[in-house]
Amino acid sequence: MRTRLLNRRAGKGLVLRSTLNRRQFAIGSAAIMSGGLIGGLVGSRLAQGDPLRFDRHLPIPPLIDANGQGNAVKLKVSSGRHAFVRGKPTQAYGYSGPVLGPAIRMRCGDEVQMTVENALGFDTTVHWHGLLVPGDVDGGPHQVIKPGGTWRPRLKIDQAASTAWFHPHLHHDTARQVYMGLTGLIIVDDGSDARLGLPHTYGIDDVPIIIQDRSFDSDGSLLYDREPDPQTIQYGSRGSTIIVNGVVSPFAKVPSGLVRLRILNAANAQNFDLRFSDRREFRVIASDAGFLSTPVPMRQLRISPAERFEILVDFADRKPVMLETGPDTLMGIFGAVSPDGSADFVPIMRFEPTKMAATVKDFPARLVEPVAADSEKFVRRRQFVLDSGICGGKRPTEMGILPGLCINGKTHDLNRIDVETKLGTLEVWEIVSLGMAHPFHAHGASFRVLSLAGAPPPAHLAGWKDVVLVEDRAELLVAFSRPATREHPFMYHCHILEHEDAGMMGQYVCA
Ligand code: C2O
Ligand code: CU
Ligand code: CU
């Protein structure tokens, strides 16, 4: 088994310097056996570019201030050329650029007219992940934009300040389209930054950090199979290299003082476990759907796919420091990051404080009290079992039959409404993960985590969210505040994109 495993890896062109420790190997093979599958484990570990140079400027996605241009924003989805690896330009997809997309700042109370043109040559959709908008403009799998077509949703922005994002949601092709580069940020601005005394100069002391893992061929091109093998479907695509804002091993100059990082995990499947190389303390100020009540001091922060955290880091000591990630401990061998297969952390980018003094020097004592939700006032309780074992659902493709993954024993069906909710109510959703930890996400709603594996959530997970990593089980208090019809239902799903594409997704209406 072991030989075969290693050979397969070698066959996929990965360097093998590994001595897998026994436990990791046991987990890996048990996982394969349980699925009854043997095959190439593409990009099952992360290794940083060698040598580690960190001499490339961190790209900052262009900022579009919607209000400043009459609340009319155009996006063109197209394919272009981008060098993820220095000097090796390759095909990528982007929104109004060769890769990723702009950060769109939207003001609370405004109505933003979006115009999205599809120049890709195949179907796509654009979902506003984290925006609380009705189902008919949510950009889920029902709102397909045909090649050459244009979609014009009007987005009424009515929610707390937060970091949201946008990405494709075409059923069966979300994972590949995101992998190729389609990810953009949304900054919802309700004017609280100045009042709270938070850093808010985009690209200077308010810096977007989009973290992803990718596997590259020797020519710098992205490795992603249109028809992922069964392991990739079961565990999600895991790249061998980490990129930040679309490039390998960047550095960022930052002012000395407090800097706000808006961190988005836009990986298809990988959980990142972030810390600074000198273990400095930082403070988490916001999660997916808005501010926490007070900054939460932490030294290590796990972020799962689609989650956002805003943190404040103090660079007043003017010492350069690395941001590192540890192994995805929830994945056993599949999540190992360091080249030798050990549990070490690897550097992903470098921060270099300059002489320029930051405008903000002190951590705020208080932030914003999250809108209260009475956990006794729920009208229903439901259970959702996310199962990464093959559940019977099948998806015929050119290359054969791909397995279906399920929620409550059912694989996704665009023509089936799974849940009916009432607008303006609260429900308790109990999420159960089988097979592995699943990052659960719901559209059109935000939730508070009531419990994780039976215990109250840690402080940084206690605010309003729209994604939560469920290792075992979680109870969520979900607030339904936007309508969705049968023609344009909201999705709920696992945010491991290969799981979502394989059917670990359901639909709900809200009226
Ligand atoms: Cu990030 Cu269904 O979405
Ligand atoms: Cu979403
Ligand atoms: Cu999953």
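H438 and C494 are both buried. In this predicted model, the two residues serve as donors to the copper ion (ligand 3). H438 contributes ND1 and C494 contributes SG. H499 completes the listed donors, again through ND1. The coordination distances run from 2.0 to 2.1 Å. Along the chain, the donor residues follow the spacing H-x55-C-x4-H. H438 belongs to strand 30 (residues 438–442), whereas C494 belongs to strand 34 (residues 490–494). The pair is 56 residues apart and links distant parts of the chain.

Another copper ion (ligand 2) is held by two histidines. H127 and H441 each coordinate this ion through NE2, at 1.9 to 2.0 Å. Both residues are buried. H127 lies in strand 7 (residues 127–129) and H441 in strand 30, so this pair ties together parts that are 314 residues apart in sequence. Strand 30 thus recurs: H441 lies in strand 30, and H438 is also found in strand 30.

Attention then turned to the strands that pair with strand 33. Strand 33 spans residues 473–480 and is mostly covered, with six of its eight residues buried. Strand 29 (residues 426–434) pairs with strand 33 in the antiparallel sense, over seven bridges. Strand 31 (residues 445–452) also pairs with strand 33 in the antiparallel sense, and again the pairing spans seven bridges. L476 of strand 33 takes part in both pairings. W429 stands opposite L476, and V449 has L476 as its bridge partner. In a regular strand, side chains alternate between the two faces of the sheet.

The nonpolar interior was examined next. The largest nonpolar core holds 52 residues. Its members with the most contacts to other members are I104, M106, M114, W128, L131 and L155. Several elements each supply at least two residues of this core, among them strand 3 (72–82), strand 5 (103–107), strand 6 (111–118) and helix 3 (174–179). Strand 11 gives the largest share, four residues. L131 illustrates the packing. Leaving aside residues up to four places away in sequence, L131 touches M106, L155, I157, Q159, A164, I186 and V188. Two of these partners, M106 and L155, are themselves among the core members that touch the most others. A second core of 33 residues is separate and includes V244, L274, V313 and V321.

Key
Residues are numbered from 1 along each chain as its sequence is written. Chains are lettered from A and ligands numbered from 1 in the order in which they are written. This is a predicted model: local features need pLDDT of at least 70, side-chain atom pairs count only at pLDDT 80 or more; totals for chains, interfaces and linings use all residues. Side-chain values use heavy atoms; hydrogens and water are left out. Donors are N, O and S atoms within 2.8 Å of the metal (3.2 Å for Na, K and Ca); water is not among the atoms, so sites may look incomplete. Buried means under 20% relative accessible area, exposed over 50%, partly exposed in between (1.4 Å probe, protein chains only). A nonpolar core is a set of buried Ala, Val, Leu, Ile, Met, Phe, Trp, Tyr and Cys residues joined through side-chain atoms within 4.5 Å. Contact means heavy atoms within 4.5 Å. Two strands pair if DSSP finds at least two bridges between them.
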